[in-house]
Amino acid sequence: MLRVRVLGGYTVERDGVTVALPAGAARVLALLALRPGPHDREALAARLWPDSPPAAARASLRTAVWALRKALGEEALAASRSTVGLAPGTVRVDAAEAKALAAAGDLAGAAEMYRGDLLPQYDEDWASAAAAEYRREHAALLDRLAAEAETSGDLAAAIGWAHRRAELDPLDEAVQVALLQRFAAAGARAAGLASARSYADRLHSELGFAPGPAFRAASAELSGPPAGTGARGGVAARPLRPLFGRSAELAVVMAAWSAARRGQGRLVLVTGEGGIGKTRLVAEVARRAAGAGACVAVGAGVDIGGGTPLAVWHELAGTLVAAVPAPPPDAGWPAELGRLGPDLAAALGRREPPPPVAAPELERLRIFDAVLRLVEWAAADRPVLVVAEDVHRADRASLALCAHVARRLTGLPVLFLLTRRDRPARPEVDALLADASSRGVDAEELELGPLSDGELAAVARSVAPLADDDLDRVVAVAEGSPLLVVEATRTLAGGRGTLPAGLRATVRAALGSVPPTARVLAEAVAVAGRALTPAEVAGLGLAGAAGTADVEAQAMDTGLLQRDGAGLGFRHALLAEAARADLDHSPRRHEQVAAAVESAAKATGTTGRVAAEVAGHLRAAGRDELAGPWWRRAAAYARGLGALPDAAEFWAEAVQCEPADPAPRLELAEVHAWLGRRADFESAWAAALPLVAESDRAAAWCRRGGVLRSVLCHPSAALAAYRTALELMPVSSPAALRAEAVLGFAQVAAVTGDPEVGARLADAVRIVGEPDPAMAVDVLTVRLLHLVGLGRFAELGPLVEETAEAIRLAHRPDQAFAGLVSAACGLAAGGDLVGALHAADLALELTADVEVLTLPCLAARAHLLARLGRHPEALVAVTAQLALAERLDSPAFAALACNDAGLVALAAGRYAEAADLLRAALAGSAPVSRPASRLARAEALAQDRRPDEAAAELRAAVLEPVGPADQPATLVPRVARVEGLIARARGDAAEATRRFTEAAEAWERMRRPRPGEELMASLVDLGRPPVVGLAEPAWELARLAGELAAVKEGSCRASS
Amino acid sequence: MPSFQLSGHADAPVEAVWKLLFDPGRFPEWWSGVGSVERTADDTYTMWPEGYPDFPMPQLLHTDRRDGRVTISCQVSDIDIAWQLAEQGTGTAIDVRVDLPDAEAFRLDAQRDAIGDSLARLAALAEKSVRGDH
């Protein structure tokens, strides 16, 4: 029997005796051994002697085959004139035998056969490709062996296999991380740390690199606190108790993870009652993902009310920014992330604050987009596992951001894993799941039920050895809950012979035996509703001579608490709840916690983030007089994040605490306005005004004017407010306030066509002298709007450049939209389409970093290009608008973009597409002229030869309410023209001619005395200038003339 | 406030009636007593009664967003005339409600007659427009 060994070297034995072969013959045998079966001689020669002429190569092959026959015997080879190979059944090859063993399930046996790389002495393509393939297979084999050993609880074997795996790829970080995780799981900290140091040294000496975040995290886990503690976070930082049961559930989540890793992003929601094992399941998935080199981030909802907006995402983003590579210098999103937390932007190398944005809604959208981009950036070079735990108690804004990210998982290598209790109900979470599914994201809910008695017994045994009777008792009392079985086991193992009835009694019993100071600490942690950081624990004022360490140790001796990366907290939220429930009402503890959190936050400059929490504790402590200022801070922080419902709630709390102070009421009124609650705004304003001191009333009215002018878009009321402010304003009032009132008045007056604009502008300039850059922009914008409102379009051109430059200097992209896009519409209305396009493009350039403002600029550009007949470019612009609107996650923006895209498609002759887009716009209640959009859709349908559908849409159009922004005078000829198109589509040339003629007569009859007013009506009624254009009678008449001629020509052809 | 309500039917589709109602330039063709009309803006126009060339009456035309009524308000006399259209088979139901200020109560009967006549003429004109012989 011939035996060929190709692993870890190359030897050939015949009947147990080593055979020496000439070099050429050895190479031929190696290749034939790797690839059984006959080989074409020509191909084989060319492969083995690629640099030789064919004849010479064939000769070399012949010589080698002759030498093989001689050395191995005639029977070893099966050769013909055209082929050569090893004779079947005569040769054993070690690599093939290893594969066969693996296929038969003997993984260890297969692994043992690997003694090194395959044929290391050959570097030709055929050999190196085979070596690489074998190496991959062997690596996978070792991974499987390690995983199986771990699952079976043989941690030592798992380390052994993981170690061999690491030797195979000594510089692979993911492999090293998996090894360290297994050292940690086995408690082999010293060996693990030695291995970690060895790897770090090797990486540095060979590649000059430092290990990455995943490795550092795993290494920190080994060097962190001893078993039972560890860093909080997605990479299960504490050594985990083995996972009992849940194999089916784990398989489901791991399958989702596998799909996500391949770029098919998934959403999995794990639901179950408290203590059922959600966190443990998720931790296992996180551990495995981190071990495989993934980026893992974990955040959780806070356990008490009054939570900070976006708290979950601050935690998640904090992990992600620490793990991602530096973003490109020109990326804008890292700075935008600073809105969520300056520390996040700083971690990405951005120290400057993000540019200011006028509206809270824009703040929210920009934060959401920045976080989404962070997730995408994290997923750019490796898979990402994002875990949001306990979303049943997450704040509203965090849930909204979860939904925003979830909708965009498709195509990302991201698994988004959420956990929640089945109670209390949070409909937002169900909506999130349904919404993601409806957008094509693979989303599923996994419900965790009770563990079986056998599984519970295994959990109990992993905690402490118990007698069989005791084991039965703890299993019986647990009722399927792994948490309860752990607590019951701990109670019995702690020497207490009787099992308390329920978790609350268990916690009471555990806390009853500790010294008073430790008990106070545990109570404070329970009241806090989250883990307390070391600084916060120190702030509780419980330290003895040796600091808080002794007290903490005593508290942790109860087995209820643990210290991890997040601080000192209860091991499970249910334990904290039980402890809290036993406390009933504890104002003292709440006040203690408030003081501790406050002092720690002041030291780190993060008072805004904890303000709601501090305020909530002070309220619970009955200290409203102290809570008021904290509610104010909380509201301001929430508003800065664009979390308006939270801001309204916090301002309302401030009002309760400080009923005689008008400031919180005025703030509350403004937030109501941002939320679109006009009646609430007026109510809060009415309640605030009598409380405002006489000397401050002018400022209050000025502020009211600002809200009515911008947020609520009520020009006449705004004008009245500014007028009152100016009347009440003493001459000695600050120049800035006076200028604000005058400019505000002028801007509203410009929109409403009030002739006072010029005088007011002159006032403003006189008051402020040399205006600062921001005010200079306001002055220019008012001038532009004034000219537009008066219809003096020809004067706009020179102001456009000046305004653009001022906007650039002042960093005021919001005014690029208000001023330049309005100017573009005015220029277009005046017939200067090229000038209008230039103004729109300037606006586009100036709003490039503010996507919500970019949208109308893109719409204006698209419309103007379409009007210039540059349809392909128009379609590109409007496609960008659609994509941007979708990304911004605003149904209103998306519907508006559909409307704009529909009109551009209609202009480009893409009728079916136009009809679909306009239908989507109308269904989405876009803030557009609905009669005009329905007419456009009816036109698209008629042009698409769908006259019946067109007629139905036309009917719907005339039944729509009509307002000034709908340009009602233009609707009559438009209706007549669409009737003509429908008649033409039905082949009724006579009716078509009648209606086209009727339309033409109506356009002829029409005078357009004040197009500027139409433009401003659009700005007031629809919230944006008419970026899709005002009606142009001359152009309409030319088009109708063409259509009439075409109908006539068609009729002539038909009759002839 | 004195008021009255009238109803009528046009054997013409809603679009045909709608175009007449929204086109002040064609009011003299069907509105009794209207001599001429000049638009001043999208939603306002000035109407001169028949025989009174020096008596301009600015009007405001708007629709009620809740129920789709077309209301024409006289800015001089404070008379509100609200027209409402609805599909009725293949034709159109036309309702009109007129509100007069107390000071104009003495004109109630005359207004009823004039609006009744206008309603009939509006329906007839719409029907004629559909037949194509306008």
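Strand 1 (residues 2–5) of chain A is paired with strand 2 (residues 11–14) of chain A in the antiparallel sense, through 4 bridges. This pairing belongs to a predicted model, in which an open sheet of 4 strands in chain A runs in the order 3-2-1-7 with mixed pairing. The points below take up that sheet, a loop position beside strand 3, the nonpolar cores and one of the cavities.

**The sheet in chain A**

- At the edges of the sheet stand strand 3 (17–18) and strand 7 (91–93) of chain A, and because each has a single partner strand, one side of each is left without a neighbour in the sheet.
- Helix 4 (residues 94–103) of chain A packs on the sheet, where this helix touches strand 1 and strand 7 of chain A, and its direction makes about 70° with that of strand 7 of chain A.
- Within the pairing of strands 1 and 2 of chain A, V4(A) stands opposite V12(A), the latter lying in strand 2.

**A loop position beside strand 3**

- A20(A) is placed in the loop that lies between strand 3 and helix 1 (23–34) of chain A, and the residue is exposed, with a relative accessible area of 71%.
- Although A20(A) and A71(A) are 51 residues apart along the chain, their C-alpha atoms are separated by 8.0 Å.

**Nonpolar cores**

- The largest nonpolar core has 119 residues, and those with the most contacts inside it are L820(A) together with W18(B), W30(B), W83(B), I94(B) and I115(B).
- Helix 41 (residues 851–867) of chain A gives the most to this core, contributing 10 residues.
- When its neighbours within four places in sequence are left aside, I115(B) is in contact with F4(B), L6(B), W31(B), I81(B), W83(B), V96(B) and V98(B).
- A second core, separate from the one just described, has 112 residues, including L432(A), V527(A), V593(A) and V614(A).

**Cavities**

- The structure holds 4 cavities of 30 Å³ or more, and the second largest cavity encloses about 80 Å³ of space.
- The lining of the second largest cavity is made up of L666(A), A669(A), E670(A), F681(A), W685(A), A700(A), R703(A), R704(A) and V707(A).
- At least two residues of this lining are supplied by each of helix 31 (662–674), helix 32 (678–688) and helix 33 (697–711) of chain A, and the largest share of the lining, 4 residues, comes from helix 33 of chain A.

Notes:
Residues are numbered from 1 along each chain as its sequence is written. Chains are lettered from A and ligands numbered from 1 in the order in which they are written. This is a predicted model: local features need pLDDT of at least 70, side-chain atom pairs count only at pLDDT 80 or more; totals for chains, interfaces and linings use all residues. Side-chain values use heavy atoms; hydrogens and water are left out. Two strands pair if DSSP finds at least two bridges between them. Contact means heavy atoms within 4.5 Å. Axes are lines fitted to C-alpha atoms, for helices over the stretch in contact, and angles run from 0 to 180 degrees between N-to-C directions. A nonpolar core is a set of buried Ala, Val, Leu, Ile, Met, Phe, Trp, Tyr and Cys residues joined through side-chain atoms within 4.5 Å. Buried means under 20% relative accessible area, exposed over 50%, partly exposed in between (1.4 Å probe, protein chains only). On a 1 Å grid over the protein atoms alone, a cavity is a set of points where a 1.4 Å probe fits but cannot get out, and a pocket is an open set with protein on both sides within 12 Å along at least five of seven lines; lining residues have an atom within 4 Å of a point. Grid points are joined across faces, edges and corners, and a volume is the space filled by probe spheres set on the points.
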